[in-house]
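Please look at the sequence and the model together before reading on. The report below is meant to be followed with both in view.

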Amino acid sequence: MKIKQLLPLALVTTSLLSVPAFAFETSCDIELDGHLQYHQGLITVDMQNGSTMSIDDTYHLVINGESVTLNNEQQQWVNTYYDRIDTAIPMTLNIASEGLEIASVAVSEVFGELLGGDNELTEDFDTMFTSLNEKLATSFYDDNGNIKVDTAKFDEPGFFDESWEDEFEAQFESLITESMGRILIAVGTQMLWNGGDMEAFEEKMERFGETIEHRVESQAAALEEKGDALCEVLQEANYAENKMQASIPGLGGLDLIDMRSGEMKM
């Protein structure tokens, strides 16, 4: 899965509300091609040639169950590779969690303004975001709160598969469709308060949209910076992986990180 598809911050409203949509993207284009497991400091990668590589938190490299002796330069690349993967995984999960929080607040405020704070649609959205957060916790953490990742569980290559995005969009669209009657009644009521003046109503919603945008803008920008930082970490991991593959016997099949936005030098 591409990093820019990590998790949508699609604060998707309807054109009815005239509220701008937000999206979290980065220019990074990286995929994970292969099976990665990560738990309690141990990274395990099933390589393309059928071999298995593991690195623990003491930077000890094992291939197919056998310890590998490394020279200083080789050990440097192993250390870098481990550190960057060890950094990237919690960064990814934090970005996902913060993205859900931003989306939850923005969506609740949009429909709270239109329908009133005490309404079923806002409550339904709260339930949806709570459910997604719970899925995040159960999918990527063990019972003791330790991060546990197994990419074999995903249909798409990456820390997240596209089912996360599909589920978000499907639930959002379903809630909007089911609540369209309530939304139309709320719009009619708002227009009555404005003397039936559609133009005045549009101006009011546009002002509200700008307020929401300014409120969320800094958070979205900060999250995008974190996404760019994640890309840099994975670029460095990719560079170290290439060095390991080229210099360490037995790692010829190591090609977990597929980077398509250019190489970096270290």
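What follows is a report on a predicted model, beginning with its strands and then turning to its helices and their charged pairs.

## The open sheet

Six strands make up an open sheet, and their order across it is β6-β5-β4-β3-β2-β7, with antiparallel pairing. Strands β6 (66-67) and β7 stand at the edges of this sheet with a single partner strand each, so one side of each is left without a neighbour in the sheet.

Further along the order, strand β4, which covers residues 52-55, runs antiparallel to strand β5, residues 61-63, and three bridges join the two. As a point to find in the model, Ser54 stands opposite Val62 in β5.

## Strand β2 and its two partners

Strand β2 spans residues 35-39, and a student who follows its side chains will find a covered face formed by Leu36 and Tyr38, while His35, Gln37 and His39 belong to the uncovered face. This arrangement can be read alongside a general rule, which is that side chains in a regular strand alternate between the two faces of the sheet.

One partner of β2 is strand β3, residues 42-46, and the two pair in the antiparallel sense over five bridges. Within this pairing, Leu36, which was named above as part of the covered face of β2, stands opposite Val45 in β3. The two strands form a hairpin with two residues between them, and in the turn Gln40 has a positive phi of about 50°. The other pairing to note is with strand β7, residues 148-150, which is also antiparallel and extends over three bridges; here His39 has Lys148 in β7 as its bridge partner.

## Two residues in the helices

Pro90 lies in helix α1, which covers residues 72-115, and with a relative accessibility of 23% Pro90 counts as partly exposed. Although Pro90 and Ile147 are 57 residues apart in sequence, the distance between them in space is 7.6 Å, taken from C-alpha to C-alpha.

Is Glu241, a residue of helix α5, buried or exposed? Glu241 has a relative accessible area of 0%, and because a residue counts as buried when this value is under 20%, Glu241 is buried. If residues up to four places away in sequence are not counted, Glu241 touches Tyr81, Leu254, Asp255, Leu256 and Ile257. The helix that holds Glu241, α5, covers residues 198-247.

## Two salt bridges between helices

How many salt bridges does a search of the whole structure find? The search finds two. As general background, side chains of opposite charge can pair when their charged atoms come close.

In one of these salt bridges, the side chains of Arg84 and Glu236 meet at 2.5 Å, N to O. Arg84 belongs to helix α1 and Glu236 to helix α5, so this pair ties together parts that are 152 residues apart in sequence. Arg84 is partly exposed, as its relative accessible area is 23%.

Another salt bridge brings together the side chains of Lys226 and Glu98, at 2.7 Å, N to O. Here Lys226 lies in helix α5 and Glu98 in helix α1, so the pair ties together parts that are 128 residues apart in sequence. Lys226 is partly exposed, with a relative accessible area of 35%, and Glu98 also counts as partly exposed, at 31% relative accessibility.

Methods
Residues are numbered from 1 along each chain as its sequence is written. This is a predicted model: local features need pLDDT of at least 70, side-chain atom pairs count only at pLDDT 80 or more; totals for chains, interfaces and linings use all residues. Side-chain values use heavy atoms; hydrogens and water are left out. Buried means under 20% relative accessible area, exposed over 50%, partly exposed in between (1.4 Å probe, protein chains only). Helices (H or I, at least four residues) and strands (E, at least two) are DSSP runs, numbered from the N terminus. Two strands pair if DSSP finds at least two bridges between them. Contact means heavy atoms within 4.5 Å. A salt bridge is a side-chain nitrogen of Lys or Arg within 4 Å of a carboxyl oxygen of Asp or Glu.
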